[in-house]
Amino acid sequence: MPVHAPDFPPQFKWINARHNISLANFKGHPILLDFWTYCCINCVHILHDLKKIEEEFCPKGLVVLGVHCAKFSHEKDYDNIKDACHRLNIQHPVIVDEEMQLWKKFAVRSWPTFILIDSDGMIAFSTSGENKYEILKEQIINLLQNKTLPEIKLCEWENIEDKLNFRYPTKAVATKINNLVHYFVSDTYNNRIVQLNSEGKFVSSFGEGILLSPQGCCVWKSELIVCDSEHHRLIAFDLEGKPQRKYRVIAGKGDKGVFESRSEYVAKLAPLNSPTDVCVWGNDLAITCAGSHQIVLFIAKDESILHIAGSGREDIVDGPASFAALAQPSGITAISDTVLAFTDSETSSIRLVVKNWNESGKTMIVSLVGEGLFDFGFCDGLGAEARLQHPLSCAWSPASNNLYIVDSYNNALRIYSVDKDYLGTVHLTEKLNEPSGISWFDGKLIISDTNCHRIIVIDEAKVTQKESIDSLDVIPIESIYSGPFGHISDVPKYMLTQNIV
């Protein structure tokens, strides 16, 4: 028996809407609700399909509305959700379901969930998960059949056009070119890499028209390796070319997938699934695939991709790496030629990939901090007691043998001592706002302070430890780079194909 859709509480806050919205406003129009939360990679994946539906059916009278239902406490904050909607370029109104009241009223059980409401206000269809475009299209066509409806335009904002500043940067790395330090920044919203000199002044930008939501990056030999996240591939750019520079696709076929245990692919045919970070590991490259909850290895000698960790199931389960469960691994760094550290964001954990465990020859996953998918907080202490909230990146310091973590949803920089098995907090003179990247270079910590649209640099030598690791002085920021930068302009589109090798 059809059920009448419950209406939106009038006191709830809206994003990208001029005023509070009621279902009654759209009487006679079918409505598509998207229940989501911005930490969820599956929710991000479906936005592409949702945009196609909006473009095809909103002119015919369909109304699309988002319902944001937070998993983490940080995601309940209105301003944080608004930033996420801007960052993800969401072009429909979103209601903030802070205490998951609508989630419960509509009997939603997982992220993302779609619910279709017919023109009489009755719930007509619901489905959960990714890859639902075809079935939603079919249902929407049925609801619109024999109807001639006007388009209802609800979008309040336009795309952000800010080419002279960073917009939601997610990772920055440094290297020396001709003995001078240069920074390379994943300017994620602007779909490009920005190169700065040692003083933070603009040198060049590149990748526009090639990259879509670039995230993690690292310097490898004479190239900058970039996670082309929403194209599901890895791109290598020549470090020194300007204004144009050569680039090549080194891995990823452009379609997301899941790796079978210990499977191996020709690199350009590998089903990379939302690669979010990459690091040099010995002679090869380790890559986190947040979308499939896995870690893979680019083998340089034969240009192949080898699955090394994660069964594809989202959870926190240690043990033999191929069968262990990961949960949206997001940041990765090499501790040695046999040990990787990574942040598993959905379980708010720090975990290791260890080769040749106890000389057995096995590769194992070991958790240092974190317990479960819904266990998070902000607490210093021994690994078993400490808590983080959705950490997105980590960096190993070979100078101090400490692991630094950007604790993204706690807006904090954390420090983990492997020797002491202790997680502490580095107190800074500047407040962070959802930082998502960190790297170490030549004694400097380079942090992408994402929602502040800036890169900050810290001298690690000033992170002085006293009797206990969490008894730290307030650390000054050495440099802040945010723009505006002169001479940033789009690359002429006709020149883009001339660079590929």
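Visitor: What is the relative accessible area of Cys452?
Guide: This is a predicted model, where local features need pLDDT of at least 70, side-chain atom pairs need pLDDT 80 or more, and totals for chains, interfaces and linings use all residues. Residues are numbered from 1 along each chain as its sequence is written, and side-chain values use heavy atoms, without hydrogens and water. Buried means under 20% relative accessible area, exposed over 50%, partly exposed in between (1.4 Å probe, protein chains only). Cys452 counts as partly exposed because its value is 30%.

Visitor: Why is Cys452 not bonded to Cys85?
Guide: A disulfide needs two cysteine sulfur atoms within 2.5 Å. Cys85 holds the closest cysteine sulfur to that of Cys452, but the pair is too far apart for a bond, at 18 Å.

Visitor: How many disulfides are there, then?
Guide: Look at Cys43, which is buried because its relative accessibility is just 1%. By that rule the count comes to zero disulfides. Cys43 is in none of them, even though its nearest cysteine sulfur is 3.2 Å away, in Cys40. So the tally, going by the 2.5 Å cut-off, is zero.

Visitor: Strand E18 caught my eye; how many of its residues are buried?
Guide: Strands (E, at least two residues) are DSSP runs, numbered from the N terminus. In a regular strand the side chains alternate between the two faces of the sheet. On E18, Asp284, Ala286 and Thr288 cover one side, while Leu285, Ile287 and Cys289 take the other, all of them buried. E18 is therefore largely enclosed by the rest of the structure, and its buried count is six of six.

Visitor: Which residue in E18 stands opposite Val278?
Guide: Strands pair if DSSP finds at least two bridges between them. E17 (residues 275-281) runs antiparallel to E18, joined by six bridges. Across that pairing, the residue facing Val278 is Ile287.

Visitor: And in E19, which residue stands opposite Leu285?
Guide: E18 also pairs with E19 (residues 294-299), again in the antiparallel sense, over five bridges. Their hairpin has four residues between the strands, and His293 takes a positive phi near 60° there. The E19 residue opposite Leu285 is Phe298.

Visitor: Which residue's side chain makes a polar contact of 2.8 Å with that of Asn410?
Guide: Asn410 sits in the loop between strands E28 (402-407) and E29 (412-417), and it is buried because its relative accessibility is 13%. A polar contact is a pair of N or O atoms within 3.5 Å, one able to donate a hydrogen and the other to accept it; residues adjacent in sequence count only if both atoms are side-chain atoms. Gln389 makes one with Asn410 at 2.9 Å. The 2.8 Å partner is Asp407.
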